[in-house]
Amino acid sequence: MKKGIAASKGYGIGYVFIKKPEEMKVACDITASIDVEEEKLRLEKAVEASKEQVSRIKEKVEAEVGAEEALVFESHLMLLEDPEFTGAAIENVAKNKISAENAVQELIDMYAAIFASIDDEYLRERMADVKDVGRRLLNNLCGGTEDELSNLPENTIVVAHDLTPSDTAQLDKSKVAAFLTDIGGKTSHSAIMARTLEIPAVVGMADITCSVSTGDLVIVDGVKGEVLINPDSGTLSHYRALKETYEIEKKQLRSLIGKKIIDKNGRHIEIAANIGSPEDVSKVLENGAEGIGLFRTEFLYMDRESMPDEEEQYEAYKTVLEKMENKPVVIRTLDIGGDKRLKYLEMPDELNPFLGYRATRLCLDRPEIFKIQLRALLRASVYGNLKIMFPMISSLREFIEAKGILDECRNELKAEGISPSEDIEVGIMVEIPSAALTADELAKHVDFFSIGTNDLIQYTIAADRMNEKVSYLYEPMHPAVLKLIRMTIEEAHKAGKWCGMCGEMASDESAIPTLLEYGLDEFSMSASSILGAKKFILSNPDYRTES
Ligand code: PEP
Ligand code: MG
């Protein structure tokens, strides 16, 4: 059993897929000066490794799921042993003097062309097997590829040193039973993503990538932050029962959907959701969120080759606003930089990227990028209750500049005959101590604050939110953090503005009572945390529900 940081609740039981480190991908690019004998040997080795993996998976599936479900792996084995298939690829290396990877790719392409001309469902399914085997061979030749993350088998436990936001954006989420990572903490982006998707996750495991192999059966306990590797059948049934109870309790919480939380003075406490894409709205609605407290729009910009244009962004924002049917939707402008990079946008190498050229700083420096997003937001504003929020604001000057560009976009649109909504609230994230310390001044200018504790904590305590070595210092209840939060809420209220929180602390049961006492107006969290948080608040007799 191995321990880590419990990052997303729930239990996952499945088979390991190791996402190999980036540098292993370099082998895929070998095209020039082929050593035929070496390439043949590499391919033969990859075939053997694939056979071993498939046999292992087949045996496990037979024992634990059933013989019928294991049949698919039998046909994969047959393909790997077929001289017409892998044998042909090995011959092709010598015949055409191509790399092992190219030979496998050619084989897949050739079969795809043949199958494409046959109108038979059974045979089409065989093509899926060919692709699957081909992918496995390529993976064994060159390590994890991006394509693999989007083509995982059912019940996969994704194990990685770290999962970057763009890795998680590619994942076929329906196939992932859990995430495990060597590094990261509760508020790293892979952990946030896991909670949004309701996928159990344990992070900061130090060396999990070395402790398991692709194909191992593991149990992930996302409640305690524990991982059991190749468990015996007794342990397996124990966890299957725990998983079932967990799912039942989750269903019972559904009675709280549509219920508002009211305190003893009749004050309504809003429980909203954080999202990263328009697709996440379905989970928001399923969990009965009263609004969206944070839409991290940078995910629209990731995992692609070029910037999303105004039209595409407009469609995305419009979709979210329409689906939320006039409930408040806080859309945060681009928060790129730090650990979130775009492959098509050149950004300087920095010694301290988290303190560097990012978010609103970058947007103010590159207004041509910023304005595309602001125009899209303004155009979409008529479809719902939009609130615009600028991230990483450290001073009033930045807010005024950003707001100035927003006004410029509004005027431009008006001149083009387009009328954005006149009721858009414009606020800021308070996630830098300098903003919290000048909250009195900022509150006079903004319409609302949303406290981003994920960053506020790391900047206040100087403890990197991604680094498990200092995670013991990363303490939401540190008195310095609490002082800044209290000050921010009080100053917002003094100026007659509302204050929410969209950092992960908003769903932390050890913090919620203090935040309620400070008078926080809105708690925004992963959709999967909403009902649990409501139940927790209602365990205090000072709070009741109202339909
Ligand atoms: C935060 O910093 O608390 C926040 C919500 O923003 P992000 O996690 O995207 O940095
Ligand atoms: Mg932040």
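In this predicted model, the crossing of helices α15 and α16 is right-handed. The axes of α15 and α16, the latter formed by residues 396-415, approach to within 9 Å and cross at roughly 60 degrees. Because an angle that is neither under 35 degrees, nor over 145, nor in the range 65 to 115 counts as oblique, the two helices α15 and α16 are therefore described as oblique to each other.

Helix α15, which spans residues 367-380, also packs with helix α13, which spans residues 310-323, at an angle of about 40 degrees and with the two axes 8 Å apart. That angle makes α13 oblique to α15, and the crossing in which α13 passes α15 is right-handed. Helix α15 thus takes part in a packing with α13 and in a crossing with α16.

A further helix pair is formed by α19 and α20, where α20 comprises residues 479-494; the axes of this pair come within 10 Å and cross at roughly 130 degrees. This value makes α19 oblique to α20, and the crossing of α19 and α20 is right-handed.

Helix α19 also enters the description of the internal space of the model, in which two cavities of 30 Å³ or more are found. The largest cavity has a volume of about 80 Å³, and among the 16 residues that line it, those closest to its centre are Arg296, Arg332, Glu431, Asn454 and Asp455. Two elements, strand β11 (292-296) and helix α19 (453-461), give two or more residues to the lining of the largest cavity, and α19 gives the most, with three residues. By class, the lining of the largest cavity comprises eight charged, five polar and three nonpolar residues.

The second largest cavity holds about 70 Å³ of space. Its lining is made up of His189, Ile192, Met193, Thr196, Asn274, Ile275, Gly276, Asp280, Arg296 and Phe299. Of these residues, Arg296 is also named among those closest to the centre of the largest cavity, and Arg296 therefore belongs to the linings of both cavities, given that a lining residue has an atom within 4 Å of a cavity point. The elements that contribute two or more residues to the lining of the second largest cavity are helix α8 (189-197) and strand β10 (268-275), with α8 giving the most, at four residues. The lining of the second largest cavity divides into four nonpolar, four polar and two charged residues.

With respect to the domains, residues of both domain 1 (2-21 + 148-252) and domain 3 (257-546) are found in the lining of the second largest cavity, so this cavity lies between the two domains.

How values were computed:
Residues are numbered from 1 along each chain as its sequence is written. Chains are lettered from A and ligands numbered from 1 in the order in which they are written. This is a predicted model: local features need pLDDT of at least 70, side-chain atom pairs count only at pLDDT 80 or more; totals for chains, interfaces and linings use all residues. Side-chain values use heavy atoms; hydrogens and water are left out. On a 1 Å grid over the protein atoms alone, a cavity is a set of points where a 1.4 Å probe fits but cannot get out, and a pocket is an open set with protein on both sides within 12 Å along at least five of seven lines; lining residues have an atom within 4 Å of a point. Grid points are joined across faces, edges and corners, and a volume is the space filled by probe spheres set on the points. Ala, Val, Leu, Ile, Met, Phe, Trp, Tyr, Cys and Pro count as nonpolar, Asp, Glu, Lys and Arg as charged, and the others, Gly among them, as polar. Domain bounds come from an automatic or database domain assignment. Axes are lines fitted to C-alpha atoms, for helices over the stretch in contact, and angles run from 0 to 180 degrees between N-to-C directions. A crossing is left-handed if the near helix is turned anticlockwise from the far one by less than a right angle, and right-handed if clockwise.
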